[in-house]
Structure formats: C-alpha cells, structure tokens
Amino acid sequence: MIAKILYPKENVNGNLLWNKSDFSDKGSQISDSLKKLKPLGYWASAFPEGDGITFSVNKGVIKTDDIILSDFRDAFNWVAIESTSCGDGNTVLAELESEDTLLNCTVIIPLEKIYLQETLEIGIYKFVCRKEFDPEPFERLAEFTSEYLQFDTSLNYRDLLKLNKTIEHNDIVINKCLSLAEHALDLVRFTHSSFIRPELTPNPAGQVSNGFYSVDIIPRGSTHLKPFELSGISRPLSVSNNWLGPQVDDLNSRVTHYLASLENSGANTEMELSAKIALRSLRQSFYSLGSESQFLNLIFTLDGLAEPESNWRGWKQRTYIAALVSKSSPSTFEQVLESYDTIYTDVRNKLVHEGKGFYELSGISSNEVCEEIFGYIKDVITLIATSSFTTKQELKDYATNLLQRTDFENAYTQVITRVSNARGKNVHLPSW
C-alpha cells in the first residue's frame, strides 16, 4: 500500500494521503500508527472520509522534511510512504485513486429557451421550473433563476479531484455532464420539437445566453469535496434558439417513460439499444447547421433503427419501412409508401448520388421532408416502446407478417404500379 506525504508549510498542516479503498479496513493499524507519532512531537488526526491524516509539528519542535519522512515511515512501517513536491492535496489524491472509482453526485444544468411553469419529473430527471413559478424557491439546489435540470449520477472521482486545475480538464467534466443532460432533453425534443417549427427546439443543455456553458455538481457520500460551480466555453461552436422555445407542461406518456427507462436501467435488449441510439441521433439533426446534413442524418437514423437486410433495396426496403410506420393500417401504409418513396428517390438519392443541395430541388421544402422522416422515426420508436419486441428479428417479422396480408399486398401493388408507370419504368414487385 502506498501513501504520499505533503509536508507542513508555515501555518498549513501537512497531510499523509492514500487511496481510501485500500485502507478501508485498516482502522486499527492507522490508530496504532497515530499513537506512535505523539511522542515524536506531532499532532495528527485521521480524516473522517478515510483518505489520509492531517498533522502538524508541535510548537517548539523543529523537524526538517527528511526527518518528518523518516518519522512517518517508522510510525507507518506497514505503508510505503513516498515524498511528493506537489502542494495540492486533491492532485495527490487523484494520483493515488484508481481510474474506475466513481462518486455519487447531483448534477444541475441550466436550461434556456424552454418554458416550464411547473416542475416535472420523469425517470431520474427533474425538470425544475423557473424560479418565479417555484412554490418553494428556497428549496432550490442551484442559484439559477431560469429552468434547470437536476439528476443524480456517478462521476469519476479522479476527474472531480482534478477540477479547477486547468480549463481543459474543467471542459472535460462540463462536457460529460452536458452529454448526460442531453439524454433528458432528448425526451423534450422527441415530444415537442419540430423541423417545421424550429422555434420549438430548446437550447442545448447548459448553454446560457452569453454563450457559456454552466454546470453545478454537488458531491454526495464520503468525500471532502465541496459543491462545484463550473462555467466555460467548453463547446466553441453551438446553436442557439432565437425564439422562445417549447412550453413543456407534461412528459407523462408510455413512450417517454420507456425512453427515460433506457437511461435509468440501461438498454438491455437489441430493440432498446436501437431506440436509445435513434433518440440520441435525432439530436444531431435538430442542431445541425445545414438542411442537407439534417435530412441525411434523419435518413441514416431511420435505417439504423429499422435495420432492413442489406439486400433489401428499392421497393423491398420502401415497403418494409412503410409497414413499420403504418400502425397496421393498409390505407396509412399506402400513403406512407408513396410519400417515402418520393422522398427517397427525389431527395435522398439526389443529395447522395448527384451531390445536389436542397436549393437545387424544385418544389421541395427541406423542413417538410425532415419533419416527415422525423415522424417515421417517432412512429417506429413508439412501435418498439409499446410492443414486446426485444430483437431486431421480431421487428422484421412484424413487418413481414403485415406485408404478407392480402390488403397490404394489394396496397403496395397499386402504389408500385402507379409510380413505376409514371416514371416510365418496369414494375418490379417485392416478394414477401
């Protein structure tokens, strides 16, 4: 077992520090060693958190650093004590701490361009309303007057110990907390955001009006660390809503609770993981600066969520996606199939294979086609959330069973025949 000694300086006590998990069962040995220090001219006391001791040299006693090191090695002869020139205890503790040690914390992230008149809770997340509407303003854990997000999580203890040493390291911790907070805002975007009405998309988590990002961290459990208030430009490039953002009155639905549970208990099945990935991917489209990148990311998200077989191309792929979105309705399936094929053929293929931009596509609204694909993604996620599917094969079996029904076969036969004739192409019906 290793410990590092920080020597006393003027009116500052010295410390002997160690990894508390290594010494958690060494209480009696620590007590015996402390008793050995007293006759040597030291006052010493163990930290209640268990990560070391603090000590001072008694008044009138003169001790050089070398003598102190020798005395402590004699008193703690069961510990490998190393000298350190570092004068910061947290930095030394970080060096001693294992890389995978976690500390329970409450994280608080300010939210802007979102309107909450009441505090909402879903899963591990608490969306706290703005202070002027809070019936218990003195119970707020943060000083933010705006809405804020609050949740408990585990953060790397070494990262916390090294906070406020460099801007670069602070940014790492800030960005991790922001990423965790975005999972909560994914629920808001899923239920309230729109590509046709971009003003209904909130600002990214933690982004305040001056362009800075803010995070409050309240350490819990056995630690000497005090709450942190972190702020910085951890993301130099970002997007801000110039309007008011969504008014969120309710997040209580079967689908949102399902999606929130993927963060609470983890994605344990293929379909849960697919839904979680798709929800995260949607975020990229809402904050992308280009219409083309917004749209193509949505297309890739839909394909990744539904994951058709690699040899399902053309109408095979189109009918499969339309079946998943159809809500088991032949008429809805027919409408979706024709619309999806038009978007895929006249928009997606021209962007991908011909290098065109939306400004070159006559009569096409980028916001409308993005909203259409967004709707498909929401429908498939809703299907997954409200079904008992656990594997991708079950999702494919569901669509296949629909496509083998006579009413669905009649529907796609009519659409494919009509569209193919209009394009002057041969009719190729998929086999299901």
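This passage walks through a sheet, a pair of helices, some salt bridges and two unusual backbone angles in a predicted model.

The sheet comes first. Six strands make it up, in the order S7-S8-S9-S6-S10-S11, and the sheet is open with antiparallel pairing. At the edges sit strand S7 (120-122) and strand S11 (228-232); each has a single partner strand, so one side of each is left without a neighbour in the sheet. Going from one strand to the next, the twist averages 25°. Helix H5, which spans residues 167-192, packs on this sheet and touches S6, S7, strand S8 (125-128), strand S9 (148-156), S10 and S11. The direction of H5 makes about 130° with that of S9.

Strand S10 deserves a look of its own. On one side, S10 (residues 213-219) pairs with S6 (residues 102-110) in the antiparallel sense, over four bridges. In that pairing, Val-107 stands opposite Ile-217 of S10. S10 also runs antiparallel to S11, and five bridges join the two. Here Val-215 is the residue that stands opposite Leu-230 in S11. As for solvent, S10 is mostly covered, with seven of its seven residues buried. That goes for both faces of the strand: Tyr-213, Val-215, Ile-217 and Pro-219 are buried on one side, and Ser-214, Asp-216 and Ile-218 are buried on the other. Ile-217 and Val-215, the residues picked out above for their cross-strand partners, thus sit on one and the same side of S10.

Next, a helix pair further along the chain. Helix H8 (residues 291-306) packs against helix H9 (residues 315-325) at an angle of about 80°, and their axes are 11 Å apart. An angle from 65 to 115 degrees counts as roughly perpendicular, and H8 and H9 are therefore roughly perpendicular to each other. From H8, the contact draws on Leu-302, Asp-303 and Ala-306, while H9 brings in Gln-317, Tyr-320, Ile-321 and Leu-324. Sorted by class, the contact of H8 with H9 has five nonpolar residues, one polar and one charged.

Now for the charged side chains. The count of salt bridges comes to 21, and a few of them are worth spelling out. Asp-134 and Arg-140 meet through their side chains in a salt bridge, at 3.0 Å from N to O. Both partners are out of the solvent's way: Asp-134 is buried, and so is Arg-140.

Glu-338 and Arg-418 form another salt bridge, with the closest N and O atoms 2.7 Å apart. Glu-338 lies in helix H10 (residues 330-353) and Arg-418 lies in helix H13 (residues 406-422), so this pair ties together parts that are 80 residues apart in sequence. Glu-338 is partly exposed, at a relative accessible area of 29%, and Arg-418 is partly exposed too, at 38%.

A further salt bridge links Arg-405 with Asp-407, where the closest N and O atoms are 2.8 Å apart. Again the partners are partly exposed, with relative accessible areas of 32% for Arg-405 and 31% for Asp-407. Beyond single pairs, Glu-182, Asp-186, Arg-189 and Arg-283 are joined into one network by salt bridges that share partners.

Last, the backbone. Most residues other than glycine have a negative phi. Asn-164 goes the other way: its phi is positive, at about 65°, although it is not a glycine. Asn-164 is found in the loop between helix H4 (157-161) and H5, the helix that packs on the sheet. Ser-328 also has a positive phi, near 65°, and is likewise a residue other than glycine. Its place is in the loop between H9 and H10. Ser-328 is partly exposed, with a relative accessible area of 31%. The loop of Ser-328 thus joins up with two helices already met: H9 packs with H8, and H10 holds Glu-338.

Definitions and conventions
Residues are numbered from 1 along each chain as its sequence is written. This is a predicted model: local features need pLDDT of at least 70, side-chain atom pairs count only at pLDDT 80 or more; totals for chains, interfaces and linings use all residues. Side-chain values use heavy atoms; hydrogens and water are left out. Two strands pair if DSSP finds at least two bridges between them. Axes are lines fitted to C-alpha atoms, for helices over the stretch in contact, and angles run from 0 to 180 degrees between N-to-C directions. Contact means heavy atoms within 4.5 Å. Angles under 35 degrees count as roughly parallel, over 145 as roughly antiparallel, 65 to 115 as roughly perpendicular and the rest as oblique. Ala, Val, Leu, Ile, Met, Phe, Trp, Tyr, Cys and Pro count as nonpolar, Asp, Glu, Lys and Arg as charged, and the others, Gly among them, as polar. A salt bridge is a side-chain nitrogen of Lys or Arg within 4 Å of a carboxyl oxygen of Asp or Glu. Buried means under 20% relative accessible area, exposed over 50%, partly exposed in between (1.4 Å probe, protein chains only).
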